[in-house]
Amino acid sequence: MKLYDITAQYTEALAFFGDLDNTLSLDTALDTLDAIEGDFEQKAVNVAAYAKQLDAEADAIKAVIEGMEKRRRALEKRSEWLKDYTRHCMETLGKTKVRHPWFNLSIQKNPPSVDVYDEAALPFEYVLEVTTTKVDKAAIKAALLDGVAVAGAKLSNGTRLVIK
């Protein structure tokens with residue numbers, strides 16, 4: 001039985017106490033309620049255990065991803081070093097091309113790029129002013145907790161399931 005089915009049965013059993021036309025004895029209704037509650041608690045524990053298993057699996061995947069990203073960065077760094085090393089050796093020997101059946105190597109000039117060595121000396125028309133804003137939720141929360149009304153914000157209390 002699914003957790004939501006058990007929840008629906010429990011809600012229906014609770015409705016017994018508000019129904020004046022019921023024909024069940026109070027003992028029968030309480031026994032039914034206790035049985036459903038036991039089923040609910042066991043199912044809730046099983047669902048929570050599965051959620052913890054999924055969390056553990058997600059953590060394991062995250063650890064593998066972090067390890068793979070570290071390995072990827074190391075491989076990319078090594079590849080760049082090897083390319084720079086090969087370029088340097090070719091330039092030292094004055095070779096601009098190496099032909100091979102697998103691929104060809106050639107030294108090419110890069111397109112021009114700007115190297116800014118003193119931003120303060122740049123003319124104003126070449127400088128963009130970037131303004132960013134960020135909501136200070138901690139300050140808003142402190143103000144709201146102190147009773148100060150903050151337009152456009154309110155305190156809200158949600159709930160969460162804690163599995164220990």
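**A walk through the predicted model**

Let us start near one end of the chain: leucine 145 has its place in helix α3. Helices (DSSP runs of H or I, at least four residues) and strands (runs of E, at least two) are numbered from the N terminus. With a relative accessibility of 57%, leucine 145 counts as exposed, because exposed means over 50% relative accessible area, buried under 20%, and partly exposed in between (1.4 Å probe, protein chains only). Its C-alpha lies 8.2 Å from that of leucine 155, and the two residues are 10 apart in sequence.

Before going further, please keep in mind that this is a predicted model, in which local features need pLDDT of at least 70, side-chain atom pairs count only at pLDDT 80 or more, and totals for chains, interfaces and linings use all residues. Residues are numbered from 1 along each chain as its sequence is written, and side-chain values use heavy atoms, with hydrogens and water left out.

How confident is the predictor? On the pLDDT scale, which gives the predictor's confidence in each residue from 0 to 100, the protein chain averages 86, and 87% of the residues score at least 70. Among the elements, helix α3 (residues 137-145) has the highest mean, 95, and helix α1 (residues 3-15) the lowest, 71. Where pLDDT is low, the predicted coordinates should not be read in detail.

Now for the overall layout. The protein chain has 3 helices and 2 strands, and along the sequence they follow the pattern α-α-β-β-α. Of its 164 residues, 6% are buried. The accessible surface, from the Shrake-Rupley method with a 1.4 Å probe, comes to about 15,400 Å², and 57% of this belongs to carbon and sulfur atoms. Taking contact to mean heavy atoms within 4.5 Å, residues 24 or more positions apart account for 30% of the contacts with a separation of 6 or more.

Helix α2 is the next stop, as glutamine 42 sits there. Glutamine 42 is partly exposed, with a relative accessible area of 45%. Leucine 3 is 39 residues away from glutamine 42 in sequence and 9.6 Å away in space, C-alpha to C-alpha.

Finally, the pockets. On a 1 Å grid over the protein atoms alone, a pocket is an open set of points where a 1.4 Å probe fits, with protein on both sides within 12 Å along at least five of seven lines; lining residues have an atom within 4 Å of a point. The largest pocket has a volume of about 210 Å³, counted as the space filled by probe spheres set on the points, which are joined across faces, edges and corners. Its lining includes Lys83, Arg87, Glu91 and Gln108. Helix α2 gives the most to this lining, with 5 residues. The second largest pocket holds about 170 Å³ of space, and among the residues that line it are Lys137, Leu144 and Leu155.
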